[in-house]
Amino acid sequence: MTGIYSAPTRLERHRQQFPALTNKAYFNFGGQGTLPQASLDAIQKAYEYIQQHGPFSASVNGWIIEEANQTRMAIASELGAPVETITLTEDVTVGCNIAMWGIDWQPGDHLLLTDCEHPGIVAIAQEIARRFKVEVSTCPIMDTLNQGDPTAIIAQHLQKTTRLVVLSHLLWNTGQVLPVQEIVDACRSHSTGSQMIRVLVDAAQSVGSLPLNLTELGADFYAFTGHKWWCGPEGLGGLYVRPDAIESISPTFIGWRGILPNATGKPSWKPDAQRFEVATSAYPLYAGLRAAIATHQQWGTHQERYEQICQMSEYLWQRLSQLEFVRCLCTSPPQAGLVSFVLTNGQSHQQLVQFLEQQSCMLRTIYNPNCVRACVHYFTLRQEVDQLVKEIESYQVA
Ligand SMILES: Cc1ncc(COP(=O)(O)O)c(C=O)c1O
């Protein structure tokens with residue numbers, strides 16, 4: 001026999017469950033995760049089940065209720081939250097819309113955003129400002145990446161009229177993790193008896209990457225998706241609504257899933273966060289997300305996965321920092337899986353990303369701040385990081 005055969009490591013075997021990882025070095029988990037084969041299979045099986053037993057029948061209707069319950073339970077257990085707090089949505093933005101439009105805004109109320117929020121969420125705030133004559137302002141958090149105190153900055157920007165603060169747990173552009181619990185405490189201590197300042201967290205980048213306990217975290221609303229760091233199918237996300245915040249918002253999009261059966265007269269909302277669910281959805285995705293979450297659990301606890309993410313992002317950060325023409329935005333190792341960097345030699349970030357994609361390395365650019373973002377997951381390999389750094393070096397000489 002010739003050649004040296006080394007048995008695949010546990011991580012290499014684990015990665016074999018993700019078909020998308022076989023032909024590329026993937027660094028876009030903050031955009032969309034790589035679906036495990038078990039999710040694809042579960043989705044297909046669920047579609048087949050519906051056709052075989054219905055599609056519309058008493059038995060399929062009962063099965064759908066059970067699928068939704070199991071999915072809320074799987075999500076709630078990963079997030080450290082009671083199952084009654086979970087609303088199933090399509091994505092992060094729908095969850096943010098539920099919380100933001102749900103407030104009974106009055107002219108002169110104030111909504112505070114950070115300067116690192118996603119454009120889709122900023123657009124919701126702007127439209128609320130226009131329709132209800134609400135004041136929207138932005139506080140400068142981006143500059144606290146390497147020094148400064150984001151909690152103090154948010155506290156300084158609270159007003160007597162502030163009703164809602166919208167912030168991201170893990171900033172999608174710079175990769176900073178905000179101290180949500182501390183920020184919630186600051187908002188609570190600024191709240192007056194009748195006017196509570198509510199906190200909505202955009203959890204697009206934190207769910208599936210940070211270990212979480214939403215009950216301890218204290219935020220009122222936490223909007224997330226299954227299709228990024230959880231590697232579930234696109235089209236399924238959720239919103240956590242803290243039990244004591246549920247009456248502070250009203251459903252805006254309304255349908256049969258949110259009301260009690262046989263309700264007559266005015267709508268009678270379901271008692272828990274299910275009141276924000278609307279109507280018919282792509283139910284087979286539920287099994288797909290549960291299968292993705294189970295795949296991660298097979299590898300390790302969320303604390304173990306997070307530690308592995310941090311080890312890998314530190315390795316990438318170190319390797320990039322050694323390149324003369326690259327500057328990482330973080331001056332110390334990243335706090336999670338997002339590593340953002342700039343080219344200091346004037347070359348175009350867009351062209352670099354295009355070049356890397358031709359070499360089968362997938363990353364993206366960010367426009368504010370203008371940078372390139374690479375995301376590593378717990379199953380990213382050192383070899384992939386080495387390959388990426390080698391390609392970036394070769395682009396520089398090309
Ligand atoms: C911070 C943040 N918020 C919101 C979104 C939008 O996510 P979705 O398409 O799930 O609504 C993204 C997507 O990249 C994001 O990074």
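Q: Contact means heavy atoms within 4.5 Å; on that basis, which residues does Tyr-222 touch, leaving aside residues up to four places away in sequence?

A: The structure is a predicted model. In it, Tyr-222 touches His-169, Val-201, Ala-203, Ser-206, Val-207, Leu-212, Leu-214, Leu-217, Gly-238, Leu-239 and Tyr-240.

Q: What makes Tyr-222 stand out in the largest nonpolar core?

A: Tyr-222 is among the residues with the most contacts inside that core of 68 residues, together with Leu-79, Ile-154 and Leu-167. Helix α3 supplies the largest share of the core, seven residues. A second, separate core has 35 residues, including Met-312, Leu-320, Cys-330 and Cys-371.

Q: How do you know that the length of helix α3 agrees with its number of residues?

A: The expected span is 1.5 Å times one less than the number of residues. For the 22 residues of α3 (58-79) this gives 32 Å, and the end C-alpha atoms are 32 Å apart, so the two values agree. Gly-80, with a positive phi near 65°, follows the helix.

Q: Which residues of α3 are buried, and what covers them?

A: The buried residues of α3 are Val-60, Trp-63, Ile-64, Glu-67, Ala-68, Thr-71, Arg-72, Ile-75, Ala-76, Glu-78 and Leu-79. Their cover includes α2, β2, α8, β7, α9 and α10.

Q: Why are β2 and β4 called the edge strands of the seven-strand sheet?

A: The open sheet, of mixed pairing, has the order β2-β8-β7-β6-β5-β3-β4. Both β2 and β4 pair on one side only, which is what the name edge strand records. From one strand to the next, the twist averages 20°.

Q: How do you know that β2 and β8 pair?

A: Pairing requires at least two bridges. Four bridges join β2 to β8 (237-241), and the two strands run antiparallel; Thr-87 stands opposite Leu-239 in β8. On this sheet packs helix α5 (119-132), which touches β3, β4, β5 and β6 and makes about 160° with the direction of β3.

Q: What makes β10 and β13 a pair in the antiparallel sense?

A: Strands β10 (338-343) and β13 (370-375) share four bridges, against the required minimum of at least two. Ser-340 has Arg-373 of β13 as its bridge partner. These strands belong to an open antiparallel sheet ordered β9-β10-β13-β12, whose edge strands are β9 and β12. Helix α11 (349-358) lies across β10, β12 and β13, at about 30° to β13.

Q: Why is the aromatic pair of Phe-29 and Phe-379 called edge-to-face?

A: The structure holds 11 aromatic pairs. Phe-29 and Phe-379 have their ring centres 5.4 Å apart and an angle of 80° between the planes; the limits are within 6.5 Å for a pair and over 60 degrees for edge-to-face, so both conditions are met. The partners lie 350 residues apart in the chain. Both belong to one aromatic cluster with Phe-18, Tyr-26, Trp-229, Trp-299 and Tyr-378.

Q: Why does Phe-29 count as buried?

A: The criterion for buried is under 20%; Phe-29 has 1% relative accessibility and therefore qualifies. Phe-379, at 0%, counts as buried too.

Q: What makes the pair of Trp-101 and Phe-132 edge-to-face?

A: The ring centres of Trp-101 and Phe-132 are 6.0 Å apart and the planes stand at 65°, so the pair is edge-to-face. The pair links helix α4 to helix α5. Trp-101 is buried, at 18%, whereas Phe-132, at 30%, counts as partly exposed.

Terms used. Residues numbered from 1 in each chain as written. Predicted model: local features only at pLDDT ≥ 70, side-chain atom pairs only at ≥ 80, totals over all residues. Heavy atoms only, no water. Contact = heavy atoms within 4.5 Å. Axes fitted to C-alpha atoms, helices over the stretch in contact; angles between N-to-C directions. Buried < 20%, exposed > 50% of the residue type's maximum accessible area, 1.4 Å probe, protein only. Core = buried A, V, L, I, M, F, W, Y, C linked by side-chain atoms within 4.5 Å. Phe/Tyr/Trp six-rings, centres within 6.5 Å; stacked < 30°, edge-to-face > 60°.
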